[in-house]
Amino acid sequence: MTGVGFILVRHGQQSAGFHVDADPGLDATGHAQAAAMAEMLGPDDGRLLVTSPLRRARETVAAVESRWGRTAIVEPRMAEVPTPGMSLEERGHWLEAFLRGDWSGQPAHLLAWRDGIAGFLAGLDRPAVIVSHFVVVNAVIGLATGDGRVTPSMPDHCSINRFEVRDGALHLIEKGAQRRTVIG
C-alpha cells in the first residue's frame with residue numbers, strides 16, 4: 001500500500017533562544033534560510049501547507065506562502081514542546097536536561113503532546129509540508145525509527161526531513177541537513 005508522504009521542516013534561525021523569549025521571530029539568517037528552503041521545495045504542487053502557530057515557524061512558512069501564493073494552515077499540535085508555568089530561565093535549564101533524556105521517563109502531559117503530533121500526522125490524507133520545531137522533528141524521527149531518545153537527531157535550521165505515513169505508522173524516508181546547533 002502506498003503511503004502519504006510529508007516533509008517536516010525545522011524553522012529558520014530564531015532571533016532569541018528558548019530561555020530568552022517565549023516566542024521569538026527569525027533573525028536575518030533565518031529569513032535567508034527560509035527563502036532558500038522555499039526555493040528547494042519548488043513550485044506549488046498542491047501539497048497541504050501547515051505551520052506551528054509560533055512566530056519563528058510562521059515567519060519561516062511565509063517564504064513558502066509567498067512562493068506558492070497561498071496561506072498555510074496553523075496547527076497547534078505542531079507547536080514547540082509545552083512548558084506551562086515555567087519562567088524563561090526555568091525553561092532554559094529544563095530544556096538542557098530534557099534533551100538529554102528519553103521518552104520513557106517523561107511525564108504524562110509530554111507523552112500526550114507527542115501523541116498529539118503522531119495523531120495529526122497519522123491523519124494526513126494527502127502529501128504535506130509542515131514547518132515546526134527542533135523537538136517536534138526529533139519526536140517524529142524517534143517515533144518513525146523506534147528511537148526512545150528525546151534527541152535522536154540534530155536537524156539544522158530549515159532542514160527538510162522526509163517521512164511517510166503508511167498503514168497508520170510513521171516511516172523516516174530521509175533526514176534533513178544535520179549540524180551541531182544552538183537549540184532555542
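# Reading a predicted fold, feature by feature

Me: Let me start with helix 5: F134, V135, V136, V137, N138, A139, V140, I141, G142 and A144 are buried there. What covers the buried residues of helix 5?

Reply: One thing before we look: this is a predicted model. A residue is called buried when its relative accessible area is under 20%. In helix 5 (134-145), 10 of the 12 residues fall in that class, so the helix is mostly covered. The cover includes strand 1, helix 3 (88-99), helix 4 (108-122), strand 4 (128-132), strand 5 and strand 6. As for its length, helix 5 reaches 17 Å from its first C-alpha to its last, close to the 16 Å expected. Just after the helix, G146 takes a positive phi of about 80 degrees.

Me: Let's zoom out. How many helices and strands does the chain have?

Reply: You'll find 5 helices and 6 strands. Walking from the N terminus, the elements go β-α-β-α-β-α-α-β-α-β-β. For overall size, the radius of gyration is 15 Å, which agrees with the value near 16 Å for a compact globule of 184 residues. The C-alpha atoms fill a box of roughly 40 × 40 × 25 Å along the principal axes, and 52% of the residues count as buried. Contacts tell you about the fold too: among those with a separation of 6 or more, 68% are between residues 24 or more positions apart.

Me: Now the sheet. In what order do the strands stand?

Reply: The general idea is that strands of a sheet pair through backbone hydrogen bonds, either parallel or antiparallel. Here, the 6 strands make an open sheet in the order 3-2-4-1-5-6, with mixed pairing. Strand 3 (73-74) and strand 6 are at the edges with a single partner strand each, so one side of each has no neighbour in the sheet.

Me: Which strands pair with strand 5, and in what sense?

Reply: On one side, strand 5 (160-166) pairs with strand 1 (residues 4-10) in the antiparallel sense over 6 bridges. To follow that pairing in the model, look for V4 opposite V165 and G5 opposite E164. Strand 5 also runs antiparallel to strand 6, joined by 5 bridges, and there E164 stands opposite H171. As for burial, 5 of the 7 residues of strand 5 are buried, so the strand is mostly covered.

Me: What is the phi of D167 in the hairpin of strand 5 and strand 6?

Reply: Start from the rule: most residues other than glycine have a negative phi. D167 departs from that sign, with a positive phi near 55 degrees in a hairpin that has 2 residues between its strands. D167 is also exposed, at 63% relative accessible area. Try C158 next, where phi is near 60 degrees, again a positive value in a residue other than glycine. C158 sits in the loop between helix 5 and strand 5 and, at 9% relative accessibility, counts as buried.

Me: How many salt bridges are there in the whole structure?

Reply: For a salt bridge, you look for a side-chain nitrogen of Lys or Arg within 4 Å of a carboxyl oxygen of Asp or Glu. A search of the whole structure turns up 11. One of them joins D44 and R70, 2.8 Å from N to O. That pair links distant parts of the chain: D44 is in the loop between helix 1 (28-41) and strand 2 (48-51), and R70, 26 residues away, is in the loop between helix 2 (55-68) and strand 3. Another joins R162 and E174, with closest N and O atoms 3.5 Å apart. R162 belongs to strand 5 and E174 to strand 6, so this bridge ties together parts 12 residues apart in sequence.

Me: And E80, what does E80 form a salt bridge with?

Reply: Its partner is R56, with closest N and O atoms 3.9 Å apart. E80 lies in the loop between strand 3 and helix 3 and R56 in helix 2, so the pair ties together parts 24 residues apart in sequence. E80 is buried at 11% and R56 is buried at 1%. Both belong to a network of salt bridges that also takes in D23.

Me: Where is the nearest side chain of opposite charge to R91?

Reply: R91, found in helix 3, is buried without a salt bridge, and the nearest side chain of opposite charge, E80, is 7.0 Å away. Leaving aside neighbours within four places in sequence, R91 is in contact with F18, D21, A22, T83 and M86.

Terms used:
Residues numbered from 1 in each chain as written. Predicted model: local features only at pLDDT ≥ 70, side-chain atom pairs only at ≥ 80, totals over all residues. Heavy atoms only, no water. Helix = DSSP H or I, 4+ residues; strand = E, 2+ residues; numbered from the N terminus. Buried < 20%, exposed > 50% of the residue type's maximum accessible area, 1.4 Å probe, protein only. Pairing = 2+ DSSP bridges. Expected span 1.5 Å × (residues − 1). Contact = heavy atoms within 4.5 Å. Lys, Arg positive; Asp, Glu negative; His and termini not counted. Rg over C-alpha atoms; globule rule 2.2 N^0.38 Å.
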